[in-house]
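The following exercises concern aromatic pairing, burial and surface character. Each task is followed by a solution in steps.

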Amino acid sequence: MSEEVNNTLMVIAAAEFSVGILGNAFIALVNCMDWMKNRKIASVDLILTNLAISRIFLLCLIMFDCVLVMLYPSALTGGQEKRIFDFFWILTNHLSVWLATWLSIFYFLKIANFFHPLFLWMKWRIDRVIPKILLVCLVLSVVISLPIIENWDDDFRLCVKAKWKTNLTLRCRLSKTQYASIKVCLNLLTLFPLSASLISFLLLILSLWRHTRQMQLSATGFRDASIQAHMGAMKAVISFLLLFLVYYLSFIMATSSEFMLESDLAVMVGELIALIYPSSHSLILILGNSKLRQAFLRVLCKVMYILKRKNF
C-alpha cells in the first residue's frame, strides 16, 4: 500500500476506535457510578455494563491488529502468536454476541405480553438468574475459543506468508486449511445466539401486533407506554442484528484474506468495516436507554458550556 492510503486507513480506524471506546466506556462508567451510589444494579444495567466492557476489549484487539497490519506486518508471523491473538479475539467476539443476545431476550421478556406459562415463568425468573447467565456466557465463550490453540507448535504462518514463488509443501497446505476451517466453524457458532435474537425480535413484533389490535378494539390512543417500549426494544434488537451481519461478513473477509499473499489492504478494509459494529451499536444503546441518554445529554451540555467559556 502507498503511504497516503496507509495514513488514510489509520485515521479512519483511529476515529472509529475512539468513538467506540468513548461510547462503551460511557455506558460502563455511568452504570458503575449508579451501582456504587445505590448499592444495587438493575439487571439490564448489569448486562449493558458487561457488554460494554467486552466490546472495549474487542475494539482494542481489532485496533491492535490494524496497527500490526499497517506498521508491523511481520509481528504475528509465528503460529503461536497468531493463535494467542485469535483466541482472545474469538473469546471477546463470542462473549459480546452472547451478551447482546441476552439483552435482546431480556427486553423481550420484560416488554412482550404473552400468557403462556413458560413465558410467565421466565419473565418472573429472569432477574434472579442474570448474574449466573453472564457467568455461563463467559465460560462458554472460553470453551468455544479453546480449539483455536490446538497444535501449539505448528508455525503454519511461516508457510502462509512466504513470499517466494514456490509450491507450498503438503504440510503447509494442510495446516493452513485446518486452521481456516477451525476459525470458520468457531465463527459459525455465533449463529445460535443470533437465531435467539432473531426469534426475540419476531416475538416482539407479534406482541406489538396483538397489543395494537387490542388498542384498536378498545378505541384507545396508539402511542401508549407499552407501544413505545416495544418500539424501543425492537430498534435495539434490529440494529444489533444488522450491524452484526455487516461485522460478520467483514470478519470473514479479513480472516480469509490472511491466508493470501499481499493481502494487507483486504485485511485492513475488513477490519475497518468490523469496527463499525462495536462502535456504533454502543451509541444506539445510549440513545435507546433513558438513563444513559439523560446522562449523555448532561455531559454534552457541560462540554458545550466549557467550550463557550473558552471562546469568550
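**Exercise 1: Trp89 and its ring partner**

Trp89 is buried, with a relative accessible area of 3%. The model is a predicted one.

Task: Determine which arrangement the aromatic pair of Phe85 and Trp89 adopts, and where the two residues lie.

Solution.
1. Phe85 is buried as well, at a relative accessible area of 5%, because buried means under 20%.
2. The ring centres of Phe85 and Trp89 are 5.4 Å apart, and their planes make an angle of 85°.
3. An angle over 60 degrees counts as edge-to-face, and the pair is therefore edge-to-face.
4. Both residues belong to helix α3, four residues apart, about one turn of the helix.

**Exercise 2: A pair between helices**

Task: The structure holds 13 aromatic pairs; classify the one formed by Phe64 and Phe85.

Solution.
1. The centre-to-centre distance is 6.0 Å and the planes are 35° apart, a tilted pair.
2. Phe64 lies in helix α2 and Phe85 in helix α3 (residues 79-111), so the pair ties together parts 21 residues apart in sequence.
3. Phe64 has 43% relative accessibility and counts as partly exposed.

**Exercise 3: Buried or exposed**

Task: State whether Thr49 is buried or exposed, and do likewise for Leu135.

Solution.
1. Thr49, in helix α2 (residues 43-71), is buried at 5% relative accessible area.
2. Beyond its neighbours within four places in sequence, Thr49 is in contact with Ala28, Asn31, Cys32 and Ile41.
3. Leu135, in helix α4 (residues 117-145), is exposed at 54%.
4. Leu135 joins Leu138, Val139, Val143 and Leu146 in a nonpolar surface patch of about 430 Å².

Key
Residues numbered from 1 in each chain as written. Predicted model: local features only at pLDDT ≥ 70, side-chain atom pairs only at ≥ 80, totals over all residues. Heavy atoms only, no water. Buried < 20%, exposed > 50% of the residue type's maximum accessible area, 1.4 Å probe, protein only. Contact = heavy atoms within 4.5 Å. Patch = residues over 30% accessible without salt bridge, like charges linked within 9 Å, V, L, I, M, F, W, Y side chains within 5 Å. Areas by Shrake-Rupley, 256 points an atom, 1.4 Å probe, with all protein chains shown as cover. Salt bridge = Lys/Arg side-chain N within 4 Å of Asp/Glu carboxyl O. Phe/Tyr/Trp six-rings, centres within 6.5 Å; stacked < 30°, edge-to-face > 60°.
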